[in-house]
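Hello,

Here is the structure I promised to pass on to you. Please open it next to this message, and my notes follow underneath.

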Amino acid sequence: MKIVESINAYLLKSLPVDRFIMCYHDSEDNCDCRKPKPGMLFSGAKEFNIDMELSYMVGDRWRDIEAGINAKCKTIFIDYRYDEKQPESVDYKVGSLLDAVAIITNRSVYEQD
Ligand SMILES: [Zn+2]
């Protein structure tokens, strides 16, 4: 937990991030924040007054995508070709975070302006 918090503290100093929301539970704890449950997404949405249906959940694991679906977000799956369970349905499937950004911003991040 301490390592995660140091990483987050470093990222907060380096990037324009509003908040990190973490779940430190295991599946056996049966909390409502462990993905694919959408509790963390709802808590962030409430704090920042975010419309889920206008939002994107980006992730590289099936749990991320299912959490996004459960929260009624649009979903973007970054397929790093992990040898594990895949999401059953997804709005967009991409090969990198940069491709996800291009979808969200509706422009190619490779273009020069
Ligand atoms: Zn939790």
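Below is what I found, starting with the sheet and ending with a loop residue.

Please keep in mind that this is a predicted model. Three strands form an open sheet in the order β1-β2-β3, with parallel pairing. The edges are β1 and β3 (92-94), each of which pairs on one side only. On average, neighbouring strands of this sheet are turned by 20° against each other, direction ignored.

Going strand by strand, β1 (residues 56-59) has M57 and G59 on its covered face, while Y56 and V58 are on the uncovered one. Four bridges join β1 to β2 (residues 74-78), and M57 stands opposite T75 in β2. To get from β1 to β2, the chain passes through helix α3 (residues 62-70), and this β-α-β crossover is right-handed. On the other side of the pairing, β2 and β3 are linked by three bridges, with I76 opposite Y92 in β3. Helix α4 (residues 97-105) packs on the sheet and touches β1, β2 and β3; its direction makes about 170° with that of β1.

M57 also belongs to the largest nonpolar core, together with A45, M52, A71 and C73. Setting aside neighbours within four places in sequence, C73 contacts M52, S55, Y56, M57, G68 and D91.

Finally, L15 is in the loop between α1 (2-14) and α2 (39-48). L15 counts as partly exposed because its relative accessibility is 44%, which falls between the 20% and 50% limits. Its C-alpha atom is separated by 20 Å from that of I103, 88 residues apart along the chain.

Best wishes

How values were computed
Residues are numbered from 1 along each chain as its sequence is written. This is a predicted model: local features need pLDDT of at least 70, side-chain atom pairs count only at pLDDT 80 or more; totals for chains, interfaces and linings use all residues. Side-chain values use heavy atoms; hydrogens and water are left out. Buried means under 20% relative accessible area, exposed over 50%, partly exposed in between (1.4 Å probe, protein chains only). Helices (H or I, at least four residues) and strands (E, at least two) are DSSP runs, numbered from the N terminus. Two strands pair if DSSP finds at least two bridges between them. A crossover is right-handed if, with the strands pointing away from the viewer, the path from the first strand over the helix to the second runs clockwise. A nonpolar core is a set of buried Ala, Val, Leu, Ile, Met, Phe, Trp, Tyr and Cys residues joined through side-chain atoms within 4.5 Å. Contact means heavy atoms within 4.5 Å. Axes are lines fitted to C-alpha atoms, for helices over the stretch in contact, and angles run from 0 to 180 degrees between N-to-C directions.
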